[in-house]
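Here is a short report on one protein model with a bound ligand. Keep the sequence and the 3D view open while reading.

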Amino acid sequence: MGPAASRSIVILTGAGISAESGLPTFRDNGGLWEQHRVEDVATPEAFRRNPELVQRFYNERRRRLGDVSPNAAHHALVALEQGWPGPLLLVTQNVDDLHARVGSRNLIPMHGELLKARCLACGAVSTWMDDILPESRCPHCDLQRQLRPHIVWFGEMPLEMNRIFAALENCGLFVAIGTSGTVYPAAGFVNAVPPGTRTIEINLEFPESNTRFVEQRRGSATERVPELVSELLK
Ligand code: APR
């Protein structure tokens with residue numbers, strides 16, 4: 001691995017990094033998939049079958065963003081991006097705006113964003129802070145009843161996969177934070193890094209299944225992420 005690769009970092013975050021900010025995860029006790037069935041609110045079929053139910057699910061989650069703030073883990077990742085001498089790419093599975101709010105720049109929200117709406121008629125993706133309602137108009141083509149959440153649903157292709165895999169295939173360090181590693185393609189990213197890449201996973205607890213990560217750091221994101229960042233920037 002060349003010197004540049006050994007200095008490049010890819011970070012993957014999941015719902016666990018936003019848990020201490022007060023946003024529910026999906027698969028922990030009390031998580032979102034305990035209150036809703038994926039097939040009712042997070043698939044293209046669900047949206048065709050019952051768009052009001054799907055819009056309500058995302059409208060509620062979008063509204064909650066106003067009540068939460070980024071935590072020490074989000075802030076630590078910005079410090080790492082600013083202080084690290086080589087390239088750093090932050091890929092998040094989360095659709096909250098907490099990484100964006102603290103100023104992470106090289107950021108790919110691979111599952112879309114709650115604060116964006118996509119027009120089914122013209123394809124435009126627009127910033128959208130409020131509820132998406134049937135009478136909401138696309139800011140680009142002005143049509144009503146054409147806006148969907150800019151969220152990647154199950155069965156849809158995550159965003160910017162080429163850019164993500166190009167970074168994975170050239171990184172010297174891959175860190176996964178607060179993700180259950182159950183949803184692909186993100187769960188397979190650790191298999192895409194070059195042999196010899198340092199791989200670290202940070203999680204509150206680890207599933208029994210044997211891990212593909214070289215290092216496991218058990219603990220909360222707000223403890224373990226600042227700790228790792230200060231080690232890396234030393
Ligand atoms: N600190 C660190 N890790 C935590 C914390 C915390 N404070 N709280 C929870 N976790 C861990 C849990 O142990 C779990 O492994 O975060 C992980 C959350 O897992 P999921 O709820 O499955 O969330 P995620 O892995 O992001 O889900 C991936 O699945 O439903 C789809 O599109 C959705 O992006 C989501 C994808």
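Which residues of α6 are buried? They are Val54, Gln55, Phe57, Tyr58, Asn59, Arg61 and Arg62. Bear in mind that this is a predicted model.

**Helix α6**

Helix α6 covers residues 51-64, which makes 14 residues. From first C-alpha to last, the helix reaches 20 Å. That is close to the 20 Å expected at 1.5 Å a residue. Its buried residues include Phe57 and Tyr58, but also Arg61 and Arg62. What covers these buried residues? Among the covering elements are three helices: α3 (32-35), α4 (38-41) and α5 (44-49). Strands β4 (112-119) and β6 (147-151) are also part of the cover.

**The ligand site**

How many residues surround the ligand? The count is 23. The closest are Phe26, Arg27, Thr179, Ser180 and Asn203. Polar contacts can be listed for Phe26, Gly178 and Thr179. At Phe26, a polar backbone atom lies 2.8 Å from an oxygen atom of the ligand. At Gly178, a polar backbone atom is 3.2 Å from a ligand oxygen. Thr179 uses its side chain: an N or O atom there is 2.7 Å from an oxygen atom of the ligand. Taken alone, the ligand exposes 730 Å², and the protein buries 94% of that.

**Two buried polar residues**

Gln93 sits in the loop between β2 (88-92) and α8 (98-102). Is Gln93 buried or exposed? Its relative accessible area is 12%, so Gln93 is buried, the limit being under 20%. Beyond its neighbours within four places in sequence, Gln93 is in contact with Leu12, Thr13, Gly14, Met110, His111, Thr179, Val183 and Ala186. One of these contacts, Thr179, is also among the residues closest to the ligand.

Ser126 belongs to strand β5, residues 125-127. Its relative accessibility is 12%, so Ser126 also counts as buried. Leaving aside neighbours within four places in sequence, its contacts are Leu115, Lys116, Ala117 and Pro139.

**Salt bridges**

A search of the whole structure finds 15 salt bridges. Three pairs are set out below, with the N to O distance for each.

| Pair | N to O distance | Relative accessibility |
|---|---|---|
| Asp97 and Arg101 | 3.0 Å | Asp97 16%, Arg101 38% |
| Arg137 and Asp142 | 3.8 Å | Arg137 42%, Asp142 45% |
| Glu160 and Arg163 | 3.2 Å | Glu160 40%, Arg163 36% |

Which class does Asp97 fall into, buried or exposed? At 16% relative accessibility, Asp97 counts as buried. Its partner Arg101 counts as partly exposed at 38%. In the second pair, Arg137 is partly exposed, and Asp142 is partly exposed too. The third pair reads likewise: Glu160 counts as partly exposed, and so does Arg163.

Salt bridges also form a network here. Which residues are linked in it? They are Arg37, Glu39, Asp40 and Arg49. Glu39 and Asp40 have numbers within the range of α4 (38-41), and Arg49 within that of α5 (44-49); both helices help cover the buried residues of α6.

Terms used. Residues are numbered from 1 along each chain as its sequence is written. This is a predicted model: local features need pLDDT of at least 70, side-chain atom pairs count only at pLDDT 80 or more; totals for chains, interfaces and linings use all residues. Side-chain values use heavy atoms; hydrogens and water are left out. Helices (H or I, at least four residues) and strands (E, at least two) are DSSP runs, numbered from the N terminus. The expected span of a helix is 1.5 Å times one less than its number of residues. Buried means under 20% relative accessible area, exposed over 50%, partly exposed in between (1.4 Å probe, protein chains only). Contact means heavy atoms within 4.5 Å. A residue is near a molecule or strand if one of its heavy atoms lies within 4 Å of it. A polar contact is a pair of N or O atoms within 3.5 Å; within protein, one must be able to donate a hydrogen and the other to accept it, and residues adjacent in sequence count only if both atoms are side-chain atoms. Accessible areas come from the Shrake-Rupley method with a 1.4 Å probe; for residues, only the protein chains shown count as cover. A salt bridge is a side-chain nitrogen of Lys or Arg within 4 Å of a carboxyl oxygen of Asp or Glu.
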